[in-house]
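Thank you all for coming. I would like to walk you slowly through one model today, so please keep the display in view while I talk.

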Amino acid sequence: MIALQGVIHGKTIELEQEVGLAEGQRVAVDVRVVDDPPAWLERLVVDPAVNPGKLVIKGTRLLADDLVRLVEEKRSDPELSQLHPELMSADLEAVRQYARVPAGLRQSFGGWAEDAEELDKYLEWTRQQRKVRRREVQE
């Protein structure tokens, strides 16, 4: 048994290294996701009761984008905690991670707001595309 990693392209799996088997050789494959989703996905959720299509801090009415603006203003964690005492340290870290996502991509998240599974798929696809582009540049 050989354990290899690769990237899925439709029905094709591109392996990171040569397997050493003959072209056309039939094999059995167990597929599992290698990368974990970003940690901020656990703390930022869509709550239509708060604001449809917008990410909020889980268990609060605080919009993630409002907190990102404060982070971009260089507010410290103690300042953010003072402004919003309901925030836990995990929430603050999630907001800081989310703030590192490009603004255009952050703005598009509302499009998948009602379907977190689709958002997860998109994020995974984006991560895989970056890996493929890095390999192409290196070659």
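Of the 139 residues in this chain, 28% count as buried, and I should say at once that we are looking at a predicted model. The chain exposes about 10,100 Å², of which carbon and sulfur atoms supply 50%. If we turn to contacts with a separation of 6 or more, residues 24 or more positions apart account for 43% of them.

Now to the secondary structure, which comes to six helices and four strands. When you read along the sequence, these elements follow the pattern β-β-α-β-β-α-α-α-α-α.

Let us begin with the two strands at the start of that pattern. Strand 1, residues 6-9, and strand 2, residues 12-15, run antiparallel and are joined by four bridges. If you would like to trace the pairing on the screen, find His9, whose bridge partner in strand 2 is Thr12, and then find Val7, which stands opposite Glu14. The two strands form a hairpin with two residues between them, and in the turn Gly10 has a positive phi of about 65 degrees.

Where else do we meet a positive phi, this time in a residue that is not a glycine? The residue is Lys74, with a phi of about 70 degrees, and its place is in the loop between helix 2 and helix 3. This deserves a remark, because most residues other than glycine have a negative phi. Lys74 is also exposed, since its relative accessible area is 71%, and the cut-off for that word is over 50%.

Next I would like to consider the nonpolar residues, starting with the inside. In soluble globular proteins, nonpolar side chains tend to be buried together. Here the largest nonpolar core has 21 residues, and the members that touch the most others are Trp40, Leu44, Ile57, Leu67 and Tyr98. Helix 1, strand 4, helix 2 and helix 4 each supply at least two residues of this core.

There is, however, also a nonpolar patch on the surface, formed by Ile8, Ile13, Leu15, Leu21, Val27, Val29 and Val31, which together have about 610 Å² of accessible area. Take Val27 as one of these: Val27 lies in the loop between strand 2 and helix 1, and at 52% relative accessibility it counts as exposed.

We can now move to charged side chains. Side chains of opposite charge can pair when their charged atoms come close. How many salt bridges does the structure hold? There are six, and I will go through some of them with you.

One is between Glu72 and Arg106, whose closest N and O atoms are 3.2 Å apart. This pair links distant parts of the chain, as Glu72 is in helix 2 and Arg106 is in helix 5, 34 residues apart. The two partners can be described separately: Glu72 is partly exposed, with a relative accessible area of 46%, whereas Arg106, at 10%, counts as buried.

Another salt bridge joins Arg96 and Asp77, at 2.8 Å from N to O. Here too distant parts of the chain are linked, with Arg96 in helix 4 and Asp77 in helix 3, 19 residues apart. Asp77 is partly exposed, and its relative accessible area is 32%.

A further one is formed by Arg127 and Glu124, with the closest N and O atoms 2.3 Å apart. These two residues sit three residues apart in helix 6, so they are separated by about one helical turn. Are they buried or exposed? Both Arg127 and Glu124 are buried.

While we are on helix 6, please look at Gln128, which is found there as well. Gln128 counts as buried because its relative accessibility is 13%, and the cut-off for buried is under 20%. Which residues does Gln128 touch, if we do not count those up to four places away in sequence? They are Val7 and Asp35, and Val7 is the residue that we saw opposite Glu14 in strand 2.

That brings me to the end, and I am happy to go back to any part of the display.

Conventions: Residues numbered from 1 in each chain as written. Predicted model: local features only at pLDDT ≥ 70, side-chain atom pairs only at ≥ 80, totals over all residues. Heavy atoms only, no water. Pairing = 2+ DSSP bridges. Salt bridge = Lys/Arg side-chain N within 4 Å of Asp/Glu carboxyl O. Buried < 20%, exposed > 50% of the residue type's maximum accessible area, 1.4 Å probe, protein only. Patch = residues over 30% accessible without salt bridge, like charges linked within 9 Å, V, L, I, M, F, W, Y side chains within 5 Å. Areas by Shrake-Rupley, 256 points an atom, 1.4 Å probe, with all protein chains shown as cover. Core = buried A, V, L, I, M, F, W, Y, C linked by side-chain atoms within 4.5 Å. Contact = heavy atoms within 4.5 Å.
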